[in-house]
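Hi,

Here is the structure I said I would pass on. Have a look at it first, and my notes follow underneath.

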Amino acid sequence: MTRKVLLTVDLGNEAANAGPLAAALDLVRDGGVLHVVSVLPDFGLAQVSGYFRKGFEKEALSGLGKALTEWVNTHVPDVVDAHPHVLHGTIYDEILRAADRLQVDVIVIGSHRPELKDYLLGPNAARVVRHARQSVFVVRT
């Protein structure tokens, strides 16, 4: 039985979260723990941060934390032991780091449907699949 599940959500794409959420809830239906993560990308290069006002990153992290908590409270049933986590950095690196730190059994991640010209997973999902120590459940959205 799956005891700990890490669900990745993109709060900027609400429709893409429905499938992964349903899969994750199915995995924890018998009493598992659901860790819900969303990642705020960092600036990448130090030079980029100079274009943002002082305190922007801290405010963005706080806003994402509030939005993620609200999303969990709205979409995850109260009977599920759910914990929201805001991550900050490169999306796939942060997901992998959180999965290891939280010692999850499986990562649930959404991926776009491939078009005729694109038969691969999205870049973040593909990297998580390739590098995760845990099982990865990819849900096409």
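E94 and R97 sit three residues apart in helix α4, which means about one helical turn separates them. Their side chains meet in a salt bridge, with N to O at 2.5 Å. The two ends of that bridge differ in cover: E94 is buried, because its relative accessible area of 12% is under the 20% cut-off, while R97 comes out as partly exposed at 46%. Before you read too much into any of these distances, keep in mind that this is a predicted model.

How many salt bridges does the whole structure hold? The search turns up three. Besides E94 and R97, there is D26 with R29, again side chain to side chain, at 2.4 Å from N to O. D26 is partly exposed at 44% relative accessibility, and R29 counts as exposed at 55%.

The remaining bridge joins R133 and D100, at 2.3 Å between N and O. This pair ties together distant parts of the chain: R133 belongs to the loop between α5 and β5, D100 belongs to helix α4, and their positions lie 33 residues apart in sequence. R133 is exposed, with 70% relative accessibility, whereas D100 is partly exposed at 30%.

D100 has another partner, and that is where I would point your viewer next. The side chains of D100 and Q134 make a polar contact of 2.9 Å. Q134 is in the loop that runs between α5 (123–131) and β5 (135–140). A polar atom of the Q134 side chain also lies 3.3 Å from the backbone oxygen of A99.

Is Q134 buried or exposed? Q134 is buried, since its relative accessible area is 13% and the limit for that label is under 20%. If you set aside neighbours within four places in sequence, the contacts of Q134 are A99, D100, V104, D105, V106 and I107.

Now to α5 itself. Its buried residues are A125, A126 and V128. Looking down the axis of α5, these fall within an arc of 165 degrees, so they line one face of the helix. What do the buried residues of α5 pack against? They pack against α4 (91–102), β4 (106–111) and β5. On the other side of α5, P123, R130 and H131 are exposed.

One backbone angle may catch your eye. Q103 is not a glycine, yet its phi is positive, at about 55 degrees. For context, most residues other than glycine have a negative phi. Q103 lies in the loop between α4 and β4, and it is exposed, with a relative accessible area of 57%.

On the surface, there is a nonpolar patch of about 350 Å², and the residues that make it are Y51, F52 and F56. Y51 is in the loop between α2 (46–49) and α3 (56–75). With 74% relative accessibility, Y51 counts as exposed, because the label applies over 50%.

Finally, the overall picture, in case you want it for your records:

- The secondary structure amounts to five helices and five strands.
- In sequence order, the pattern reads β-α-β-α-α-β-α-β-α-β.
- Of the 141 residues in the protein, 37% are buried.
- Taking contacts between residues at least 6 apart in sequence, 74% of them join residues at least 24 apart.
- The accessible surface is about 8400 Å², and 53% of that belongs to carbon and sulfur atoms.

If you only have time for one spot, I would open the view on D100. There you have the salt bridge to R133 and the polar contact with the Q134 side chain, with D100 itself in helix α4 and both partners placed in the loop between α5 and β5.

Cheers

Note on methods:
Residues numbered from 1 in each chain as written. Predicted model: local features only at pLDDT ≥ 70, side-chain atom pairs only at ≥ 80, totals over all residues. Heavy atoms only, no water. Helix = DSSP H or I, 4+ residues; strand = E, 2+ residues; numbered from the N terminus. Buried < 20%, exposed > 50% of the residue type's maximum accessible area, 1.4 Å probe, protein only. Polar contact = N/O pair within 3.5 Å; in protein donor to acceptor, adjacent residues only side chain to side chain. Contact = heavy atoms within 4.5 Å. Patch = residues over 30% accessible without salt bridge, like charges linked within 9 Å, V, L, I, M, F, W, Y side chains within 5 Å. Areas by Shrake-Rupley, 256 points an atom, 1.4 Å probe, with all protein chains shown as cover. Salt bridge = Lys/Arg side-chain N within 4 Å of Asp/Glu carboxyl O. Arc of directions from axis to C-beta.
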